Structures are given as C-alpha cells and as structure tokens.
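The exercises below are meant to be worked with the sequence and the model side by side. Try each task before reading its solution.

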Amino acid sequence: MDADTLRQYLEFYQDLGIKSLYRQSAPSPVPAEPQPPATASAAIVMDLPPLAPTGDTMLQIMQDIGDCRRCRLCEARSRIVFGVGNEQSPLVFVGEGPGADEDAQGIPFVGRAGQLLTQMIEGTAKKEGIELLRKDIYIANVVKCRPPENRTPEPDEMEICGQFLHRQLSVIRPKVICTLGGTAARALTGHKEGVTKMRGRWFKWQDIPVMVTYHPSYLLRAYNQEAKREAWEDLKKILHYVYD
Ligand code: SF4
C-alpha cells in the first residue's frame, strides 16, 4: 500500500472517530522455525495524526482553501461558499452544497430555501421563548462549490471538500450540529439510511450530537406539509437541547 492510500485509510478511520489503530508486527520473510501466533504484546499502537492542524482557525481554513481546485466542482462555480454566522455558536447547521443564489452571492442558504430556514430558526425560537436570530448560529455546507445543475455531490467530492467542513466543526466545537437533508446527514454520521428514517433522531459526529432533519428546499414543495411539521418538531428539540 502506498503512502497516499494509507493516508486515505487513516483519514477515513479518523472520520469514524477511531483515534488509534493496532497492527501486528510484520512476520519475518522466511521464518527459521514455526512462529507462535501474534499476541497482544506484539501489537504496535499507531497514533493517528490530528484531523486539523494545531491552533486551527477559520481564517487559516479559508486561506488553505484559497482558490481551491482540488475537485471538479471548481469548474462551474462562480464563488466558493465557505460558511456564515457566529463562529462561537453552540449550534451549526450543515447543508449539502450551494445552489444558484448561494453561488452568485458566496453565502450559504440565501435563496428561497435559505429564507425558509431563517423563518424556521427565528420563528421556532420565538415561539419557544428563546432569543435567537439566524446571525447567532453558524451555517455551512458539505461541499463549498455549486454542483452543476444542483446535482448531488459525488462521494469523492464530499470526501475532498469534507476536510474543510471537518476543520470548521473542529474549530467551532458546537454543542449540536443539525444536518439538513439526507446527503449532509450521511456525510456526517456515516449512516446510509434515507432522511425520512433518520430525521428526528440523534446521531454523533465525533463526540458532538447530530440531529437530522429535512433540507428546507424539500419543505418548499407544497405536498410536503407533514414534513414541514416534523422539521419544526426537530428544531424545537434542538433549540431546547442547546439553549435551555
Ligand atoms: S468543492 Fe471544495 S474541494 Fe471542490 S473545488 Fe470547491 S472548495 Fe475545493
């Protein structure tokens, strides 16, 4: 296995929350005599490198992204959509990727779906007696460039760009992450179920609780009124968990 493949394996395990791996000693190429089975004492502990550089900051992440060309999504984008909001927020929302309005403005969730998200956050907080505006929380996406025709990002694009989201989340260390839609939920939790099965349930990203709910663009469709009610229920759970 070459160094690049090994690094990818280690990062994958790290994303699953595994901090160290055990490896058996390599056997001698030509054993002179029958070898005893490997024992625990023969195991070598390999500490994984930290996911984010020490002392990482949002500014550092932004500088590292630069004029990013690490995946094919750079080809059709107008702007990189980094993330927006309060970098000390105890609550972070994570969507799938920028749409046309976000690509034009460089800000996540500013189109119709974004307006609905704002209404949902501020409206639910107000009803529940919690003082909270959209600017108080942080919002980012799994991929930072708009996929052509708003297609779902490919796994390799999410893996490459996901490193920046992971670093953002590691810098913020929120109390709760809320994923919007199935793609973001699967990317952060590693679970493969559809969003209708996962919504309303708690998962974990590293040691941070993750609540899954619908993407607001799904809720904009007129026939999804029941889903809208469910999303409001999910938000209530999150807001009380974070702000009570
Ligand atoms: S989606 Fe992410 S990794 Fe791909 S080009 Fe844009 S910023 Fe870079």
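**Exercise 1.** Determine whether arginine 77 is buried or exposed, and trace the surroundings of its side chain.

*Solution.* Arginine 77 has a relative accessible area of 13%, and it therefore counts as buried, the term standing for under 20% relative accessible area, with exposed for over 50% and partly exposed in between (1.4 Å probe, protein chains only). The model is a predicted one, in which local features need pLDDT of at least 70 and side-chain atom pairs count only at pLDDT 80 or more, while totals for chains, interfaces and linings use all residues. Residues are numbered from 1 along each chain as its sequence is written, and side-chain values use heavy atoms, with hydrogens and water left out.

Next, locate the residue: arginine 77 sits in the loop between α2 (58–65) and β3 (84–85), where helices (H or I, at least four residues) and strands (E, at least two) are DSSP runs numbered from the N terminus.

Then turn to the polar partners. The side chains of arginine 77 and aspartate 67 are joined by a polar contact of 2.7 Å (a pair of N or O atoms within 3.5 Å; within protein, one must be able to donate a hydrogen and the other to accept it, and residues adjacent in sequence count only if both atoms are side-chain atoms). A polar atom of the arginine 77 side chain also lies 2.8 Å from the backbone oxygen of cysteine 68.

Finally, leaving aside neighbours within four places in sequence, the residues in contact with arginine 77 (heavy atoms within 4.5 Å) include Arg69, Asp103, Cys145 and Arg146.

**Exercise 2.** Describe the setting of phenylalanine 82, found in the loop between α2 and β3.

*Solution.* Begin with accessibility: phenylalanine 82 is buried, at 8% relative accessibility. Not counting residues up to four places away in sequence, phenylalanine 82 touches Met58, Ile61, Met62 and Ile65, and also Gly106, Tyr138, Ala140, Lys144 and Gln168. As a last step, compare sequence with space: phenylalanine 82 and isoleucine 107 are 25 residues apart in sequence, yet 7.2 Å apart C-alpha to C-alpha.

**Exercise 3.** Work out how helix α5 (residues 155–172) is oriented against helix α6 (residues 182–189).

*Solution.* The two axes, α5 and α6, come within 11 Å and cross at roughly 75°; axes are lines fitted to C-alpha atoms, for helices over the stretch in contact, and angles run from 0 to 180 degrees between N-to-C directions. Helix α5 is therefore roughly perpendicular to α6, given that 65 to 115 degrees counts as roughly perpendicular, under 35 as roughly parallel, over 145 as roughly antiparallel and the rest as oblique. Met158, Leu165, His166 and Leu169 of α5 meet Thr183, Ala187 and Leu188 of α6.
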